[in-house]
Amino acid sequence: MSEVEEQGRKPSEELEESTEDSEEEDSEEEPKLKYERLANGVTEILQNDAASCMTVHDKFLALGTHFGKVFLLDIQGNVTQKYEISSVKINQISLDDSGEHVGICSEDGKVQVFGLYTREGFHENFDCPIKVVALHPQFSKSNNKQFVTGGNKLLLYERNWLNRWKMSTLHEGEGTITNIKWRANLIAWANNVGVKIYDISSKQRITNVLRDNTTLRPDMYPCSLCWKDNAILIIGWGSSVKICVVKERDPTEMRDLPSRYVEIVSAFETEFFISGLAPLADQLVTLYYVQENSDHMEEEFRARPRLDIIQPLPESCEEISSDALTVRNFQENECRDYKLEHSEGESLFYIISPKDIVVAKERDQDDHVDWLLEKKKYEEALMAAEISFKNVKRHDVQKIGMAYINHLVEKGDYDTAARKCQKVLGKNMDLWENEVYRFKTIGQLKAISQYLPRGDLRLRPAIYEMILHEFLKTDYEGFATLIREWPGELYNNMTIVQAVTDHLKNDPTNSILLTTLAELYTYDQRYDRALEIYLRLRHKDVYQLIHKHNLFSSIDDKIVLLMDFDKEKAVDMLLDNEDKISTDRVVDELKDRPKLLHVYLHKLFKRDHHKGQKYHERQISLYAEYDRPNLLPFLRDSTHCPLEKVRLWYCFNHMMAFYSSSCLFKTA
């Protein structure tokens, strides 16, 4: 941990820079926790005194010192109340669940239990140090006025109906009691031999979990106890962790046995000595005291403590994360100098040492985004912010997106950067225009062109025109594609028409530019101009243009051009629209092109034998010239040909047939 994060608490100074590999900035593993130093009033307290213990409530903190003082602090570390309890070390502070009563014990044997907002209290001086005190979790209720103390005995104090305190010994004879944790009706405590649990409702001791490593001094390597819930106790001692579950015994098996028993569901060894434990969902937060070997010294030296998150398994554990903490004076601290307290309500973890208090907190979605941005994982950061936008407080999705676009541009991935603009810029016209100009500056207008807004949101026409001009200079096909894809109202049509016309002066036969110009004329409803170009290019869309925009009045002098391009389509179109272009007009236009005239009149006759009847006589010569096989069928079906013409044709036809057969006979 290299520095303090300013998140709700004002740090007094930066934590010292870390030199461990696990703290390197280029680590690819995202940390699970974030850290900050508890400052404000705490800074001043620890300058002149040293922390000996601390207890955490959801609403406030209670800090005990080596000089016998107890301070109540708000969560930012500001002092709200101060108590002069003793002249020697405060060993333990206990709060009930309501946060209205406190129990305090000190090294000189003093025990005080009092209400923070009432005058009721208990004061007692013992002839031996009292190491721990624990109030009943529901102490504020009149029927739960109970607390226990631990020195060389475990003593239970209960206030009776006469408002007097009654003392009873729950256990003794196994050395100093170093830790007590009270949860619901269960009291767990540790002495030199092991850990025991007492059921206060049945007044029975229900278990004895022995200490594993008996070579370690229990006063130097004290036991850590933590209740995960009303039935699960976590024990850390030396380098050993045990997770115990309190269960109800089957009534048929009781006999003289307690009504409850303990099952150890997980037991494993850790790499370092344990200074504190706390639950985190189904995982554990462990505070380790670390000793390491130096290359320059034969003896071990005290390294920075570690805060790990581990996943307990039945006989081992899996490390989830590990952070080395640079707390003040860590080189002088021993295992017993560190403590870990936690707030169940907010998953806050307090690492207490004599000259420093550091707060660890689960990283939230903002922290996750911070880390992704730091690692330049912009796409993941953007996705995380979008998915959890309700939980992201410090980050703006659009700003993350802009950072991603900037990153893509910097590394030259212009196409991806342009594509992301669509999603990131949304309906912000100012951002859109800024990006377009940036892409122009770096010569990448083409990349962003296909992603520009073209629906309800539209940029200024000048933006679209600028891009069209760019394409017109370098890429005719790309220019034509944009003209086809972009609605004509996005830009000033006449401006672009003029630009295309200027380019055609240098390349007058360029089919791409001509076709595009025809499309521009179409957008501008100058259909006659578009029609001229399409006919000149023999473009397949000419017939669609005529039909769509009813341009029949514009083609009565262009019938020959249409027939030359595709006579079949032209004839079908003319016959389908006789009401718009008369047969007489078509015949007049085709009078100098008899072959085309024949095609037209032949199809007209096929559709209706009576239409075009005044041209039937003329058709005889046309059939004779261009389509002789269909002449006889025509003469047979037509009732409008002059009879003498038909007879003449028949005589001529028979004569020619006779002449042909005679020639063949003579030749034979």
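Which residue in E13 does Leu154 stand opposite? In this predicted model, the partner is His171. To see where that pair sits, let us walk through the sheet around it.

The sheet is open and has four strands, in the order E10-E11-E12-E13, with antiparallel pairing. Strand E10, residues 132-135, and strand E13, residues 165-172, stand at the edges. Each of these two has a single partner strand, so one side of each is left without a neighbour in the sheet. As you follow the sheet across, neighbouring strands are turned by 20° against each other on average, with direction ignored.

Now back to the strands that hold our opening pair. Strand E12 covers residues 153-159 and is joined to E13 by seven bridges, the two strands running antiparallel. Here you will find Leu154 facing His171 of E13.

Further along the chain, there is a pair of helices to visit. Helix H12 spans residues 527-537 and helix H13 spans residues 542-549. They pack at an angle of about 160°, and their axes are 9 Å apart. Because angles over 145 degrees count as roughly antiparallel, that angle makes H12 roughly antiparallel to H13. The crossing of H12 past H13 is left-handed.

If you would like to pick out the contact in the structure, look on H12 for Tyr527, Ala530, Leu531, Tyr534 and Leu535. On the H13 side, the contact is made by Val542, Leu545, Ile546 and His549. Sorted by character, the residues of this contact comprise eight nonpolar, one polar and no charged.

Technical notes
Residues are numbered from 1 along each chain as its sequence is written. This is a predicted model: local features need pLDDT of at least 70, side-chain atom pairs count only at pLDDT 80 or more; totals for chains, interfaces and linings use all residues. Side-chain values use heavy atoms; hydrogens and water are left out. Two strands pair if DSSP finds at least two bridges between them. Axes are lines fitted to C-alpha atoms, for helices over the stretch in contact, and angles run from 0 to 180 degrees between N-to-C directions. Angles under 35 degrees count as roughly parallel, over 145 as roughly antiparallel, 65 to 115 as roughly perpendicular and the rest as oblique. A crossing is left-handed if the near helix is turned anticlockwise from the far one by less than a right angle, and right-handed if clockwise. Contact means heavy atoms within 4.5 Å. Ala, Val, Leu, Ile, Met, Phe, Trp, Tyr, Cys and Pro count as nonpolar, Asp, Glu, Lys and Arg as charged, and the others, Gly among them, as polar.
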